[in-house]
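This note is addressed to a colleague who is meeting the structure for the first time. Please read the numbered points with the sequence and the model at hand.

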Amino acid sequence: MSSDFEGYEQDFAVLTAEITSKIARVPRLPPDEKKQMVANVEKQLEEARELLEQMDLEVREIPPQSRGMYSNRMRSYKQEMGKLETDFKRSRIAYSDEVRNELLGDAGNSSENQRAHLLDNTERLERSSRRLEAGYQIAVETEQIGQEMLENLSHDREKIQRARDRLRDADANLGKSSRILTGMLRRWESLNFRLYP
């Protein structure tokens, strides 16, 4: 039983090595060869899956006391298979993008168009940033002018207030002086009247 498992194991090792090598070559091949290589890898991946199924059946028939070692090896092979499928999927995505660009006729232009579009957007952003900075500067200057005007108005208000206070004091002093003069005049008239009845 274990000899069958080991036979499948050897076949799986050879097959996965071939698949790994082919997946690595896919990006560097011309379009026609790539298409053929992708189909070839798909076929070999299917063969590898079938080998894994056969190995899994063999492990199930091994007595439980001896099964642990083989189960661990199976887990390792399944992980390896998953990694191969992921790598192949990535290479297929890259291949599909290339085919799409060739069909659309923009294999060389798409990246140039994207770069031009990005540069255009960058220039727009820079222009908008400059306009915002200029607007912000104007707002700051306007705020400073407004602040200075408020300070000047405040000083003028204080001056006007002090002038009013001085006028009030002058009015009060004039009133007092007027009352004193009036009193002096009355006394003088009273004294004059006594001297010259």
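The points below move from the overall fold to the core, and then to individual side-chain pairs.

1. **Nature of the model and overall fold.** The model under discussion is predicted. Its secondary structure consists of four helices and zero strands. Read from the N terminus, the order of elements is α-α-α-α. Three of these helices recur in the points below: α1 covers residues 2-25, α2 covers residues 31-61, and α3 covers residues 64-104.

2. **Burial, surface and contacts.** The protein has 197 residues, and 17% of them count as buried. The exposed surface amounts to about 15,600 Å², of which carbon and sulfur atoms supply 54%. Among contacts with a sequence separation of 6 or more, 71% are between residues 24 or more positions apart.

3. **The annotated segment.** The unreviewed UniProt entry records a "coiled-coil region" at residues 34-61. In the model, this span is 100% helix and 0% strand. The C-alpha atoms at its two ends are 41 Å apart.

4. **The largest nonpolar core.** This core comprises 23 residues, and the members that touch the most others are F12, I19, V41 and L45. Helices α1, α2 and α3 are the elements that give two or more residues to the core. Helix α2 gives the most, with nine residues.

5. **Surroundings of V41 and Q44.** What does V41 touch, once residues up to four places away in sequence are set aside? The list is I19, K22, I23 and F88. Q44 is found in helix α2. With a relative accessible area of 8%, Q44 falls under the 20% limit and is therefore buried. On the same basis of excluding residues up to four places away, Q44 touches L15, E18, I19 and K22. I19 thus appears in the contacts of V41 and in those of Q44, as does K22.

6. **An aromatic pair between α1 and α3.** A search of the whole structure finds two aromatic pairs. One of them joins F5 and Y70, whose ring centres are 5.0 Å apart. The planes of these rings stand at 80 degrees, so the pair is classed as edge-to-face, since that class requires an angle over 60 degrees. F5 belongs to helix α1 and Y70 to helix α3, and the two residues are 65 residues apart, so that the pair links distant parts of the chain. Both partners are buried: F5 has a relative accessible area of 0%, and Y70 has a relative accessibility of 8%.

7. **A salt bridge between α1 and α3.** Side chains of opposite charge can pair when their charged atoms come close. The structure holds eight salt bridges. In one of them E9 pairs with R73, and the closest N and O atoms are 2.6 Å apart. Because E9 lies in helix α1 and R73 in helix α3, the bridge ties together parts 64 residues apart in sequence. Are the two partners buried or partly exposed? E9 is buried at 11% relative accessibility, whereas R73 is partly exposed at 24%.

8. **A salt-bridge network involving α2 and α3.** E46, R49 and E85 are linked in a network of salt bridges. Within the network, the side chains of E46 and R49 meet at 2.9 Å, N to O. These two residues are three residues apart in helix α2, and about one helical turn therefore separates them. The side chain of R49 also meets that of E85, at 2.7 Å, N to O. This second pair links distant parts of the chain, with E85 in helix α3 and R49 in helix α2, 36 residues apart.

9. **Accessibility within the network.** E46 has a relative accessibility of 40% and counts as partly exposed. R49 is partly exposed as well, with a relative accessible area of 30%. E85, at 29% relative accessibility, is likewise partly exposed.

Conventions
Residues numbered from 1 in each chain as written. Predicted model: local features only at pLDDT ≥ 70, side-chain atom pairs only at ≥ 80, totals over all residues. Heavy atoms only, no water. Phe/Tyr/Trp six-rings, centres within 6.5 Å; stacked < 30°, edge-to-face > 60°. Buried < 20%, exposed > 50% of the residue type's maximum accessible area, 1.4 Å probe, protein only. Salt bridge = Lys/Arg side-chain N within 4 Å of Asp/Glu carboxyl O. Contact = heavy atoms within 4.5 Å. Areas by Shrake-Rupley, 256 points an atom, 1.4 Å probe, with all protein chains shown as cover. UniProt positions renumbered as here; feature names shortened; annotations may be inferred. Core = buried A, V, L, I, M, F, W, Y, C linked by side-chain atoms within 4.5 Å.
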